[in-house]
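Open the model in your viewer and keep the sequence panel beside it. The stops below are given in the order in which to select them.

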Amino acid sequence: MADLLILAVDLPGVSVHVGGFVVVAQDNASCVVAFRRNWTGLAEAADAEILSGYEETLQAMCREVDLETFLRLIETQLANTVRFLDRVSLLGDMSISERSTLLRQALLGE
């Protein structure tokens, strides 16, 4: 079992898009972060360039701090652009990396 936290990107003058997600292990000891890499057609060129680097930034943040701090950092430091939509429990025996691969395809089209 794991939890899925969906990340939305809300840019001024552009509709809200699913930007990525965080899959949190049941024991809250680890997580996998994925963020859309291709923003072509979804955001203006300048915003697309910045957003395309968010995955690497978020993954580095996740490695450097504990999970609670990481989630709080997203809510405080990225709140102007990125916000949590929902937290959903995922059932089953798949590892969080397997779940992440499937979710990247389903939610981000990558």
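What covers the buried residues of H4? The cover includes E1, E2, E3, H2 and strand E4 (82–90). Helices (H or I, at least four residues) and strands (E, at least two) are DSSP runs, numbered from the N terminus. Contact here means heavy atoms within 4.5 Å.

This is a predicted model, in which local features need pLDDT of at least 70 and side-chain atom pairs count only at pLDDT 80 or more, while totals for chains, interfaces and linings use all residues. Residues are numbered from 1 along each chain as its sequence is written, and side-chain values use heavy atoms, with hydrogens and water left out.

**Helix H4**

Select residues 96–108, which make up helix H4. Its buried residues are Ile 96, Arg 99, Ser 100, Leu 103, Arg 104 and Leu 108. Buried means under 20% relative accessible area, exposed over 50%, and partly exposed in between (1.4 Å probe, protein chains only). Step on to Gly 109, which follows H4 and has a positive phi, near 65°.

**Glu 55 and its partners**

Now select Arg 104, which forms a salt bridge with Glu 55, the closest N and O atoms being 2.1 Å apart. The two residues link distant parts of the chain, with Arg 104 in helix H4 and Glu 55 in helix H2, 49 residues apart. A salt bridge is a side-chain nitrogen of Lys or Arg within 4 Å of a carboxyl oxygen of Asp or Glu. Arg 104 counts as buried at 13% relative accessibility, and Glu 55 is buried at 9%.

Keep Glu 55 and add Arg 37: their side chains also meet in a salt bridge (3.1 Å, N to O). Glu 55 lies in helix H2 and Arg 37 in the loop between E3 and H1, so this pair ties together parts 18 residues apart in sequence. Arg 37 is partly exposed, at 46% relative accessibility.

For a salt bridge within one helix, select Arg 72 and Glu 68, whose closest N and O atoms are 3.5 Å apart. They are four residues apart in helix H3, so about one helical turn separates them. Arg 72 is partly exposed at 42%, and Glu 68 is exposed at 58%. Back at Glu 55, add Glu 110 to the selection: salt bridges that share partners join Arg 37, Glu 55, Arg 104 and Glu 110 into one network. The whole structure holds five salt bridges.

**The aromatic cluster**

Which residues do ring pairs link into a cluster? Select Phe 35, Trp 39 and Tyr 54. Rings of Phe, Tyr and Trp (its six-membered ring) pair if their centres lie within 6.5 Å; planes under 30 degrees apart count as stacked, over 60 as edge-to-face and the rest as tilted. The structure holds two aromatic pairs. Phe 35 and Trp 39 form a tilted pair, 6.0 Å centre to centre with 40° between the planes. Phe 35 and Tyr 54 are also tilted, at 5.5 Å and 40°. That pair links strand E3 to helix H2 across 19 residues. Phe 35 has a relative accessible area of 0%, and Tyr 54 counts as buried at 15%.

**The nonpolar cores**

Finally, select Val 22, Cys 31, Phe 35, Leu 51, Leu 58, Phe 70 and Val 82, the residues with the most contacts inside the largest nonpolar core, which has 23 residues. Another core, of eleven residues, lies apart from it and has among its members Phe 21, Ala 34, Ile 96 and Leu 108. A nonpolar core is a set of buried Ala, Val, Leu, Ile, Met, Phe, Trp, Tyr and Cys residues joined through side-chain atoms within 4.5 Å.
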